[in-house]
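Trainee: I'm new to this one. Could you walk me through it?

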Amino acid sequence: MEITEEYLERYSRHILLKEVGGPGQKRLNRAKVLIIGAGGLGSPNILYLAAAGVGTIGIVDDDVVELSNLQRQISHNSEEIGNPKVESAKKCALRINPDIQINVHNERLDSLNSGQLISKYDIVADGSDNFDTRLVVNDSCYAYEKPLVSAAINRFDGQISTFKAFQRKEGSSLHPCYRCFVPHSPPQENTISCAETGVLGALCGVVGSIQATEVIKEIVGFGKSLSGSLFIVDGLCNEFRKISLPPDPNCPLCGLNPTITKINHRK
Amino acid sequence: MEITLNGEKFTLETGSNIVNLIDKLDLNADKLAIERNLEIVPKSKFAMTIIEEGDKLEIVHFIGGGEE
């Protein structure tokens, strides 16, 4: 991105922040972020990261826009019903900021393609709708050494954390991976999605915006990372809590004796 | 002994560990994390983590739905 008067005006409120400034804004412009899922959480991420001038945004999703999505998935609109979510979200993001690159990956992320997708980006924001995908994303991010900012919502609750276990030094109690929190996919009857339980639409904005904030902080490198903490949002009782999330020495992925050692496309 | 569980007073036998607590509540450990005094207890340490008088515990249910 060229530094023109228009550039300085577009990003002036970022550049004014001493924690971001001109150099931080340039880091955002050079950054490549992969967003998993263009749904309730993906939408605010896509829009705010596009607005922030993140130079390359990849979006992975294999769904099409449905009417029941529009209560919360704000990167889509009524005219896009039936169209791929990745295309709809791309259009919306480019309307906010035409100077960025959006890569659409109209496919479902799985253990076969995750390494290939994730390795092309600097940082990953996961807002997917199931534990299997979350675990695959986590394993690939660990293998390819990409910071993972993960968020989830259900009903009135949200959970956000950042995982970069690849940065952990031996014996350190910093930097867990997602499997230190959720070691394996919970039993089926627990994997309820919003289709079955409902979710307050505006809460996706709260949690997704916190997630986007953490992505920006990881890229620019200011403030405190959420790595090693779990941020819990209780939208019913207006409670925001941050608790410690230490690595599990027996984590199946990043622990002392890992049982998950084969990851596709591992370096 | 008395502890605080999910913000409310709860009575538990002295010397109980986290597995005992989960059993007593009839919960499935695969679906949740336990927060003890503002820190998530690693799952592999559930059996060796003895709950102490006055501990503040919270059950943190896993959420997987970012929903797409």
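Trainee: What area does chain A expose, and what percentage of it do carbon and sulfur atoms supply?

Mentor: First, this is a predicted model, where local features need pLDDT of at least 70, side-chain atom pairs count only at pLDDT 80 or more, and totals for chains, interfaces and linings use all residues. Residues are numbered from 1 along each chain as its sequence is written, chains are lettered from A and ligands numbered from 1 in the order in which they are written, and side-chain values use heavy atoms, leaving out hydrogens and water. Accessible areas come from the Shrake-Rupley method with a 1.4 Å probe, and for residues only the protein chains shown count as cover. Chain A exposes about 12,000 Å², and the carbon and sulfur share is 50%.

Trainee: What radius of gyration does chain A have, against a compact globule?

Mentor: The radius is taken over C-alpha atoms, and the globule rule is 2.2 Å times the number of residues to the power 0.38. For 267 residues that rule gives a value near 18 Å, and chain A agrees, with 18 Å.

Trainee: What percentage of the residues in chain A count as buried?

Mentor: Buried means under 20% relative accessible area, exposed over 50% and partly exposed in between, with a 1.4 Å probe and protein chains only. Of the 267 residues in chain A, the buried share is 55%.

Trainee: How many salt bridges does the structure hold?

Mentor: A salt bridge here is a side-chain nitrogen of Lys or Arg within 4 Å of a carboxyl oxygen of Asp or Glu. Over all chains, the count is twelve.

Trainee: Which residue forms a salt bridge with Arg179(A)?

Mentor: The closest N and O atoms of this pair are 2.7 Å apart. Arg179(A) lies in helix H8 (residues 178–181) and its partner in helix H7 (residues 131–144), so the pair ties together parts 40 residues apart in sequence; helices are DSSP runs of H or I, at least four residues, and strands are runs of E, at least two, numbered from the N terminus. Arg179(A) is buried, because its relative accessible area is 8%. At 7%, also buried, the partner is Asp139(A).

Trainee: Is Glu19(A) buried, partly exposed or exposed?

Mentor: Glu19(A) meets Lys18(A) in a salt bridge, 3.1 Å from N to O. Lys18(A) has 73% relative accessibility, so Lys18(A) counts as exposed. Glu19(A) has 40%, so Glu19(A) counts as partly exposed.
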